[in-house]
Amino acid sequence: MNPKPTIDAMRTAAQALSSGDVRETLHAVQMAQDALDAVKGVLLAELQASKDFELDGASTLNTWVRNQLHLKSGQATVLVKGVAALRDLPLVAEAATSGLISAAHVQVFVYGLAHVGLEPMLQHEEVLVAVAAENEPGVLWEAVKHLKDLAHPEDLDEAWKGGMDKEDFAVDALPDGFHVTGFLNTLTGLKLKKVMDSVSAPRDADDTRTGAQRRVQGLDDLLDSILGNGLPSDKGVRPHMSVFVDAETLEAAAERVEQETEHPHLIPAPMPESEPATLAGHGAIGPHLLMFLFCLSGVTGFVREQDQILNVGHTRYEPNMKQRKAVLARQRGVCATPGCNHTHLEVHHSVWWSLGGRTDLDQLVGLCVRCHHLVHRGLLHVAGNAVDGFEFTNRHQRPVRRRRRTGYRRAA
């Protein structure tokens with residue numbers, strides 16, 4: 001392994017210590033620490049292969065790490081596992097030894113090698129390294145997971161079927177209250193999550209209750225309402241669920257499911273390399289679940305290329321129900337502000353109505369209650385549109401973190 005990138009990171013950290021700028025110093029120190037973690041992982045892997053830890057009376061590498069480096073054994077295991085990514089992915093190795101990405105990022109690449117495959121990871125390595133260098137490991141994991149969904153759509157249906165086999169729900173009385181346990185399938189779980197997100201949303205910007213307090217109080221209010229009006233005698237109106245899918249994927253999924261149903265002994269044709277269908281508020285889904293959803297009433301399918309039919313211009317201020325549902329589906333039910341994961345959203349005009357904005361889908365963005373308050377207090381600014389992406393800046397016009405793509409993906 002080339003030690004120069006690590007040496008350069010150490011030199012940069014040393015120089016930053018005398019700069020007087022605490023922020024610059026922290027950045028440099030973090031880079032040096034990440035670079036050293038990469039080198040440590042390579043050395044630990046070499047020690048594991050040579051078994052030289054036995055020279056110090058240690059039966060395993062983890063024992064040696066505990067006794068000699070005074071570290072938890074799990075830390076060594078994580079670093080050693082990362083060596084596979086450093087060996088097989090040259091751009092990842094360069095970024096790791098330069099301190100541009102952390103050991104946690106490297107572990108996501110290890111996951112990708114195991115579940116996506118070497119060839120797809122090599123093909124998209126440059127893009128994934130750029131994502132890792134600019135974001136926390138969770139964002140990189142979402143990108144690798146998306147690549148896995150593209151490469152292995154059949155795994156999505158297997159996960160759905162496996163979840164149905166495990167479903168259970170129990171409310172057991174205990175001396176100090178009730179204990180709720182269980183596992184719900186994708187659709188039942190999504191219905192429950194939508195209800196809980198709605199009833200546990202913050203009341204206003206000054207709501208200081210914890211998430212747990214809001215969820216419990218929201219459930220209590222919901223139960224009071226149900227019991228106060230009598231228990232329902234039937235299912236009533238089904239919750240609306242939005243499916244986000246390419247026309248090509250929808251057609252291929254229908255053909256695949258029909259083929260597997262009528263000719264189960266034949267090997268089904270592979271799915272086209274297009275975006276997998278997405279269930280808003282849940283994520284990517286496979287062809288069998290997609291077809292099952294389209295058999296249900298109350299399910300709205302949004303086709304990406306047809307969003308113009310949802311534009312109403314300047315003739316109406318309030319977005320209609322179909323526009324609201326389209327915004328939620330486009331953002332996967334999550335607030336558009338970078339770094340915010342709240343799911344109870346309000347629709348905002350990116351170009352304010354009072355300044356000539358239009359109630360068109362590409363000018364509408366979903367924001368949670370708190371972020372919406374920040375916008376109208378002048379502390380958060382939103383610019384752009386859903387086609388090219390919305391950009392968020394603070395009151396000093398500095399980017400909040402990064403541009404988040406919230407628009408429909410256009411066909412070439």
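## Leu 250 and helix α13

Leu 250 has a relative accessible area of 26% and is therefore partly exposed, a class that runs between buried (under 20% relative accessible area) and exposed (over 50%), as found with a 1.4 Å probe and protein chains only. The model is a predicted one, in which local features need pLDDT of at least 70 and side-chain atom pairs count only at pLDDT 80 or more, while totals for chains, interfaces and linings use all residues. Residues are numbered from 1 along each chain as its sequence is written, and side-chain values use heavy atoms, with hydrogens and water left out.

Leu 250 belongs to helix α13, which covers residues 247–262; helices here are DSSP runs of H or I with at least four residues, strands are runs of E with at least two, and both are numbered from the N terminus. Leaving aside residues up to four places away in sequence, Leu 250 touches Val 245, Leu 290, Met 291 and Phe 294, where a contact means heavy atoms within 4.5 Å. For Phe 294, which is 44 residues from Leu 250 along the chain, the C-alpha to C-alpha separation is 9.9 Å.

## The chain as a whole

The chain contains 16 helices and 10 strands, and 39% of its 412 residues count as buried. When contacts between residues at least 6 apart in sequence are considered, 59% of them join residues at least 24 apart. The exposed area of the chain is about 23,700 Å², of which carbon and sulfur atoms supply 56%; such areas come from the Shrake-Rupley method with a 1.4 Å probe, and for residues only the protein chains shown count as cover.

## Confidence of the prediction

The mean pLDDT of the chain is 79, and 80% of the residues reach 70 or more, on a scale from 0 to 100 that gives the predictor's confidence in each residue. Among the elements of the chain, helix α8 (residues 125–134) has the highest mean pLDDT, at 94, whereas strand β6 (residues 299–303) has the lowest, at 54. Two stretches call for particular care. Residues 233–239 have pLDDT below 50 and, beyond near neighbours in sequence, make four contacts in the model; residues 305–309 are also below 50, with six contacts beyond near neighbours. Where pLDDT is low, the predicted coordinates should not be read in detail.

## Aromatic rings

The structure holds one aromatic pair. Tyr 111 and Trp 141 form this pair, with 6.0 Å from centre to centre and 40 degrees between the planes, and the arrangement is tilted. Rings of Phe, Tyr and Trp (its six-membered ring) pair if their centres lie within 6.5 Å, and planes under 30 degrees apart count as stacked, over 60 as edge-to-face and the rest as tilted. The pair links distant parts of the chain, since Tyr 111 is in helix α6 (residues 103–115) and Trp 141, 30 residues apart from it, is in helix α9 (residues 137–151). Trp 141 counts as partly exposed because its relative accessibility is 33%.

Elsewhere, Lys 166 lies over the face of Phe 183, at 4.5 Å from the ring centre; a charge sits over a ring if NZ of Lys or CZ of Arg is within 6 Å of the ring centre and within 35 degrees of the ring normal.

## Cysteines

The structure holds zero disulfides, a disulfide being a pair of cysteine sulfur atoms within 2.5 Å. Cys 340 is in no disulfide, and the nearest cysteine sulfur, in Cys 368, is 3.7 Å away. For Cys 368, the closest cysteine sulfur is that of Cys 371, at 3.6 Å, which is too far for a bond. Cys 340, at 10% relative accessibility, is buried, and Cys 368, at 3%, is buried as well.

## Helix α15 and positive phi values

Helix α15 (residues 321–330) has as its buried residues Gln 323, Lys 325, Ala 326, Val 327, Ala 329 and Arg 330. The helix is followed by Arg 332, which has a positive phi near 60 degrees.

Lys 51, a residue other than glycine, also has a positive phi near 60 degrees. Lys 51 sits in the loop between α2 (22–50) and α3 (61–69), and with 46% relative accessibility Lys 51 counts as partly exposed. In helix α3 itself lies Asn 67, which is partly exposed, at 47%.
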